[in-house]
Amino acid sequence: MSKIKNAELLGDLIFEILPICQKKETELADDHGLLQAEFKCFRLMGSEGSLNNKDIAERMNLSPSRITRIMDGLVKKGYMQRRIDKDDKRNLKVSLSRRGKNLTNKLNDALIEIHQEILQNIDTSQHKSLITNMEHLHSAVEKWLRKPR
């Protein structure tokens, strides 16, 4: 198969998979009373200790003002807490509250269950190669994003 045809097939697959993944995220967020942007914040914060709004905005590719509104909602719901950065008093750090950590654990458990169900539709002998290929795709996309334009 030609490089052009491979690129076309990859683009088509990503185009078809992306909205399915977004729908899955939206449904999971809805099940837990969250907006999709709030859900994404939980996914991000679950892998980090605490971050400032600027870091969150960069990682989520949203404006700082949009992140502030999202964080305001999560603080109001009791899922996040803000505190002054001990290393830079001008900076606010955002971290999960106890309630937020509990919800993060529930979300992670739900995601594991969803992905277990998805993997049930793929032969077990293909799981390792699927994960490896997804890691390669992730790495290639990250490298492409860092490339100067």
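**Close-up 1. Lys23 and Glu27 sit 4 residues apart in helix H1, about one turn of the helix.** In this predicted model, the two side chains pair up as a salt bridge, with 3.7 Å between the closest N and O atoms. Lys23 is the exposed partner, at 53% relative accessible area. Glu27 comes in at 43%, which puts it in the partly exposed class.

**Close-up 2. Another salt bridge in H1 joins Lys5 and Glu8.** Here the N to O distance is 3.8 Å. The helix runs over residues 3-31, and the two partners are 3 residues apart in it, so about one helical turn lies between them. Both ends of this pair are partly exposed: Glu8 has 40% relative accessibility, and Lys5 has 36%.

**Close-up 3. Arg82 reaches Asp72 in a salt bridge, with the closest N and O atoms 2.7 Å apart.** This one ties together distant parts of the chain: Arg82 belongs to strand E2 (residues 80-85), while Asp72 belongs to helix H4 (residues 64-76), and 10 residues separate them. Neither residue is tucked away completely, as Arg82 is partly exposed at 32% relative accessible area and Asp72 is partly exposed at 36%. For context, the whole structure contains 6 salt bridges.

**Close-up 4. Leu10, Ile14 and Leu18 make a nonpolar patch on the surface.** The patch covers about 250 Å². Take Ile14 as a landmark: this residue is in helix H1, and its relative accessible area of 39% makes it partly exposed.

**Close-up 5. The largest nonpolar core brings together 25 residues.** If you want to find your way around it, start with Leu34, Phe42, Ile56, Met71 and Leu74, the residues with the most contacts inside the core. Helices H1, H2 (36-46), H3 (53-60), H4 and H5 each put in at least two residues, and so does strand E3 (88-96). The top contributor is H2, with 6 residues. As background, nonpolar side chains in soluble globular proteins tend to be buried together.

**Close-up 6. Helix H5 spans residues 98-119 and has a buried side with exposed residues facing away from it.** Its 22 residues stretch 32 Å from the first C-alpha to the last, close to the expected 32 Å at 1.5 Å a residue. On the inside are the buried residues Gly100, Leu103, Thr104, Leu107, Ala110 and Leu111. Looking down the axis of H5, these buried residues fit within an arc of 130 degrees, so they line one face of the helix. Turned away from that buried side are Arg98, Lys106 and Asp109, which are exposed.

**Close-up 7. Zooming back out, the protein has 6 helices and 3 strands.** Following the sequence, the order of elements is α-α-β-α-α-β-β-α-α. The C-alpha trace spans about 55 × 40 × 25 Å along its principal axes. Of the 149 residues in the protein, 25% are buried.

Terms used:
Residues numbered from 1 in each chain as written. Predicted model: local features only at pLDDT ≥ 70, side-chain atom pairs only at ≥ 80, totals over all residues. Heavy atoms only, no water. Salt bridge = Lys/Arg side-chain N within 4 Å of Asp/Glu carboxyl O. Buried < 20%, exposed > 50% of the residue type's maximum accessible area, 1.4 Å probe, protein only. Expected span 1.5 Å × (residues − 1). Arc of directions from axis to C-beta. Patch = residues over 30% accessible without salt bridge, like charges linked within 9 Å, V, L, I, M, F, W, Y side chains within 5 Å. Areas by Shrake-Rupley, 256 points an atom, 1.4 Å probe, with all protein chains shown as cover. Core = buried A, V, L, I, M, F, W, Y, C linked by side-chain atoms within 4.5 Å.
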